[in-house]
Amino acid sequence: MADFYDEVLSHIRYATAEERQAIRAELEGHVEDRAEALEAAGYDRAEAQSRSLAAMGDPAEIGKGLDKQYSRFWLILSRAAAVGVAVLCISLVMAYPLHRLYFLKENLTARWAPMVSSFQTLEEKTGTTGWDPELKVEIGNDILSVYWVALDREKGEAEVYLCNYDQNPFGQASEQLGGYVYISNTAGDWSRSGAGGSTGGAAYRRLSEIPVTPEEDHLTLTYDRFGEHISLEIPLEQEGRE
Amino acid sequence: MKKKTIDHTELLVLTLLSGEDMYGYQIITELSRRSDRTFEMKEGTLYPVLHGLWKNGAVECYEAEAPTGRKRKYYHLTRKGREALKVEQEEWRTYARGVEAVLSTAPALG
């Protein structure tokens with residue numbers, strides 16, 4: 001059986017749970033005070049309680065009166081701040097889903113601290129030291145970066161490290177781009193082997209066994225795809241840098 | 001006159017709170033006491049009035065210990081409430097003068 005307070009609250013449509021609890025507590029307190037006064041006046045507990053509840057009036061009238069004060073508009077307004085924050089968070093996540101945050105990490109790593117291969121490099125084989133030519137070129141939506149060159153004059157061989165990443169730090173690197181990059185020497189010989197991989201935010205490629213003649217002072221990087229032709233000169237040091 | 005009748009409950013409640021902060025039961029007992037029992041309302045119907053005043057910013061509320069030792073929700077008249085009280089008092093006086101003016105034209109009875 002619903003009690004007096006349940007009856008009152010049943011008419012209040014748009015109050016929050018906290019507000020309902022507060023209303024109940026306030027009304028209960030009032031009845032408690034009235035009942036105490038009646039007991040002090042000589043009524044027994046049960047009589048005092050029932051008279052106090054009766055003195056409150058019609059629970060439906062009280063409930064409807066309160067319902068007018070707790071309008072739907074106020075409920076919406078009071079939740080607007082919480083909703084606003086939630087919408088903001090959701091829109092941020094939707095605009096940049098989690099995998100894009102991973103791309104960001106790889107993208108920035110490629111920009112500022114690109115990897116040098118973990119498997120045996122020309123430098124390790126021949127004891128020479130490579131250098132960072134600091135060459136970057138825009139290709140489509142990506143940036144192609146030539147970030148390391150290793151050279152062995154004696155052997156007549158060079159190794160070039162490339163990576164490409166999206167111009168948008170949150171974007172995905174083109175996986176095909178590296179496959180259309182060729183390194184050649186002045187004689188027109190091309191690199192004979194290449195290896196690489198991509199994990200989304202950045203794609204890496206190492207072009208090896210590039211023949212280099214003793215007099216050669218540069219290599220040429222070529223990108224040729226969809227009618228787009230890009231050519232880049234990679235200067236070679238006379239000796240591998242110490 | 002804006003209304004045919006004025007809801008005097010609000011006016012009475014605001015007047016009481018202009019003197020001191022009070023909680024619901026206290027307002028009921030004070031109303032009865034000060035009006036020499038002229039104003040004895042259904043006690044629960046005070047609360048829609050109080051909550052309405054609160055939603056409109058005429059009063060603030062806070063929890064405090066009542067003289068009985070129990071925690072009660074006290075109502076405090078805000079500056080906005082004081083201004084609303086002035087307006088309502090003026091409206092009441094205009095209303096009362098109007099009623100009095102009509103009554104005074106009535107022939108004396110018995």
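# Exercises on a two-chain model

A:Lys155 has a relative accessibility of 48%, and that value counts as partly exposed. Three classes are used here: buried is under 20% relative accessible area, exposed is over 50%, and partly exposed lies in between (1.4 Å probe, protein chains only).

Before you start: this is a predicted model in which local features need pLDDT of at least 70 and side-chain atom pairs count only at pLDDT 80 or more, while totals for chains, interfaces and linings use all residues. Residues are numbered from 1 along each chain as its sequence is written, chains are lettered from A and ligands numbered from 1 in the order in which they are written, and side-chain values use heavy atoms, with hydrogens and water left out.

## Exercise 1: a first salt bridge

Find the residue whose side chain meets that of A:Lys155 in a salt bridge, and decide whether this partner is buried or exposed.

*Solution.*
- Step 1. Apply the rule: a side-chain nitrogen of Lys or Arg lies within 4 Å of a carboxyl oxygen of Asp or Glu.
- Step 2. The partner is A:Glu157, at 3.6 Å from N to O.
- Step 3. A:Glu157 is buried, with 14% relative accessibility.

## Exercise 2: a pair within one helix

Work out how A:Arg51 and A:Glu47 are placed relative to each other in helix α3 of chain A.

*Solution.*
- Step 1. Helices (H or I, at least four residues) and strands (E, at least two) are DSSP runs, numbered from the N terminus.
- Step 2. The two residues sit four apart in that helix, so about one helical turn separates them.
- Step 3. An α-helix has 3.6 residues a turn, so residues three or four places apart point the same way.
- Step 4. The side chains of A:Arg51 and A:Glu47 form a salt bridge of 3.1 Å, N to O.
- Step 5. Both ends are partly exposed: A:Arg51 at 40% and A:Glu47 at 33% relative accessibility.

## Exercise 3: a bridge between chains

Explain why the salt bridge of B:Arg70 and A:Asp33 joins two chains.

*Solution.*
- Step 1. The structure holds 19 salt bridges over all chains, and eight are found across the interface of chain A and chain B.
- Step 2. In one of them, B:Arg70 meets A:Asp33 at 3.6 Å, N to O.
- Step 3. B:Arg70 belongs to the loop between β2 (59-65) and β3 (71-77) of chain B, whereas A:Asp33 belongs to helix α2 of chain A, so the pair connects two chains.
- Step 4. B:Arg70 is partly exposed at 24%, while A:Asp33 is buried at 3%.

## Exercise 4: the interface as a whole

Describe the contact of chain A with chain B: how many residues take part, and what area is buried?

*Solution.*
- Step 1. With contact meaning heavy atoms within 4.5 Å, chain A gives 22 residues and chain B gives 19.
- Step 2. Buried area is the accessible area (1.4 Å probe) that two parts lose on being put together, summed over both. Here the value is about 2,000 Å², with 52% from carbon and sulfur atoms.
- Step 3. A:Glu26, A:His30 and A:Asp33 supply 31% of the area that chain A buries against chain B, more than any other three residues.
- Step 4. Now look at the helices: α2 (17-40), α3 (45-56) and α4 (59-69) of chain A each give two or more residues to the side touching chain B. The most come from α2(A), with eleven residues.

## Exercise 5: a helix of chain B

Determine why helix α3 (residues 46-55) of chain B is largely enclosed by the rest of the structure.

*Solution.*
- Step 1. Nine of its ten residues are buried, so the helix is largely enclosed.
- Step 2. Check some by eye: the buried residues include B:Leu46, B:Val49, B:Leu53 and B:Lys55.
- Step 3. Just after α3(B), B:Gly57 has a positive phi of about 85 degrees.

## Exercise 6: a strand residue in chain A

State where A:Thr222 is found and what it touches.

*Solution.*
- Step 1. A:Thr222 lies in strand β7 (residues 218-225) of chain A.
- Step 2. A:Thr222 is buried, with a relative accessible area of 9%.
- Step 3. Leaving out residues up to four places away in sequence, A:Thr222 touches several residues, among them A:Tyr180, A:Trp190 and A:His229.
- Step 4. For the wider setting, chain A has seven helices and eight strands, and 42% of its 242 residues count as buried.
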